[in-house]
Amino acid sequence: MAMSTAHRITGVALYFGHALIVGWLVAMAASPGAYEAVRGFALSPFGIVILMLYSWALFHHMGGGLRHFVWDTGRGMGHPARDQLAWGTLAFGLVATALFWIVVFIAV
Amino acid sequence: MIGNAMKTPLGRVKGLGSAKSGTKHFWHQRVSALANVFTMTGLLIVLAMLAVRDWPAAIVFFGNPVVGLLVILALVSTCYHMWLGMQIVVEDYIHAEGLKLALLVANTFYAALLALAGIYAVIRLGLTGLIAV
């Protein structure tokens, strides 16, 4: 139930956070000045934290979605599977976020 | 439609019962979700690559048609998915008819605005690269 609630909450958070992503693209298209302003904010410590939270919300929501896909096949509704899927969703979100940011800091 | 077939004529006229064809919504949500797994992963990578590029390098980057196409695909799949998802959220929690309708319309406008503004930005960036070169 907590994972279902989290799935909805992360969905709503992503819904509004998506405006920041689109804002980034629009700023890029607007002018070099606007682009540098957005980029400066994105690379600031505060900006990095927001991006990390956004990516966590994204990967957690993705994990929840994959859990729904499993249920759509009819599997995973029985006793240990339910709880395993719930913990798996949480783990997927955290691990995928961590991996993504590790790769970003190494490669970039 | 199955929804209408399960209503009495009076119920149908009064607009009672299921508000939509739920199966289509369900399926479209699933398909866009699957698309999102791929496109959002790609979009995150594109954004990370953009973050370390200054404006001239970013323009060159967006000159690559694969980048532009990936971002457009991501915008379409995510904005459609979030439009559907928020529709469910509004319908679940808002029951005052006027407020519900207003929020549903706002949801549609918001999702459309984000998608179209993003696509316009991508096209404009790609063309900027062509002109600059």
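Counted over all chains of this predicted model, the aromatic pairs come to nine. One of them joins A:W101 and A:F105, whose ring centres sit 5.9 Å apart with 40 degrees between the planes, so by the definition used here the pair is tilted. A pair of aromatic rings is described by just these two things, the distance of the centres and the angle of the planes. As for where the two residues come from, both belong to helix α4 of chain A, and being four residues apart there puts about one helical turn between A:W101 and A:F105. Their surroundings differ in burial: A:W101 counts as buried at 11% relative accessibility, whereas A:F105 has a relative accessible area of 52% and is exposed. The pair doesn't stand by itself, either, since A:W101 and A:F105 join A:F59 and A:F100 in one aromatic cluster. Over in chain B, a ring meets a charge: the charged end of B:R53 sits over the ring of B:F61, at 4.6 Å from the ring centre.

Next comes the nonpolar core. The largest one holds 49 residues, and the members that touch the most others are A:M28, B:L50, B:F62 and B:V71. Both chains feed into this core: at least two residues come from each of α1 (2–30), α2 (32–43), α3 (45–72) and α4 (79–107) in chain A, and likewise from each of α3 (22–51), α4 (55–63), α5 (65–93) and α6 (97–132) in chain B. Helix α5(B) gives the largest share, with nine residues. B:V71 makes a handy example of how the core is put together. Setting aside residues up to four places away in sequence, B:V71 touches B:L43, B:V46, B:F62 and B:V122 in its own chain, plus A:L25 from chain A.

Chain B itself is built from six helices and zero strands, so to speak an α-α-α-α-α-α pattern when read along the sequence. Of its 133 residues, 38% are buried. Looking at contacts in chain B between residues at least 6 apart in sequence, 70% of them join residues at least 24 apart.

Two residues of helix α3 in chain B show contrasting settings. B:L34 has its place in that helix and is partly exposed, with a relative accessible area of 45%. The C-alpha atoms of B:L34 and B:F109, which are 75 residues apart along the chain, are separated by 24 Å. B:N36 is also placed in helix α3 of chain B, but at 10% relative accessibility it counts as buried, because the cut-off for buried is under 20%. Apart from neighbours within four places in sequence, B:N36 is in contact with B:T41, B:S77, B:T78 and B:H81.

B:H81 turns up again in the largest pocket. This pocket has a volume of about 950 Å³, and 36 residues line it, those closest to its centre being A:H7, A:H61, B:Q29, B:H81 and B:G85. Like the core, the lining draws on both chains: the elements giving two or more residues are α1 and α3 of chain A, along with α3 and α5 of chain B. Helix α1(A) supplies the largest share of the lining, 10 residues.

Back in chain A, A:H60 and A:T89 link two helices. A:H60 is found in helix α3, while A:T89 lies in helix α4. Both residues are buried, A:H60 at 5% relative accessibility and A:T89 at 4%. With residues up to four places away in sequence left out, A:H60 touches A:M3, A:A6, A:T10, A:T89, A:L90 and A:G93. One of those partners, A:M3, lies 57 residues from A:H60 along the chain, yet the C-alpha atoms of the two are separated by 9.2 Å. The list for A:T89, again leaving aside neighbours within four places in sequence, reads A:M3, A:H60, A:G63, A:G64 and A:R67. A:M3 therefore appears among the contacts of A:H60 and also among those of A:T89.

Terms used
Residues are numbered from 1 along each chain as its sequence is written. Chains are lettered from A and ligands numbered from 1 in the order in which they are written. This is a predicted model: local features need pLDDT of at least 70, side-chain atom pairs count only at pLDDT 80 or more; totals for chains, interfaces and linings use all residues. Side-chain values use heavy atoms; hydrogens and water are left out. A nonpolar core is a set of buried Ala, Val, Leu, Ile, Met, Phe, Trp, Tyr and Cys residues joined through side-chain atoms within 4.5 Å. Buried means under 20% relative accessible area, exposed over 50%, partly exposed in between (1.4 Å probe, protein chains only). Contact means heavy atoms within 4.5 Å. Rings of Phe, Tyr and Trp (its six-membered ring) pair if their centres lie within 6.5 Å; planes under 30 degrees apart count as stacked, over 60 as edge-to-face and the rest as tilted. A charge sits over a ring if NZ of Lys or CZ of Arg is within 6 Å of the ring centre and within 35 degrees of the ring normal. On a 1 Å grid over the protein atoms alone, a cavity is a set of points where a 1.4 Å probe fits but cannot get out, and a pocket is an open set with protein on both sides within 12 Å along at least five of seven lines; lining residues have an atom within 4 Å of a point. Grid points are joined across faces, edges and corners, and a volume is the space filled by probe spheres set on the points.
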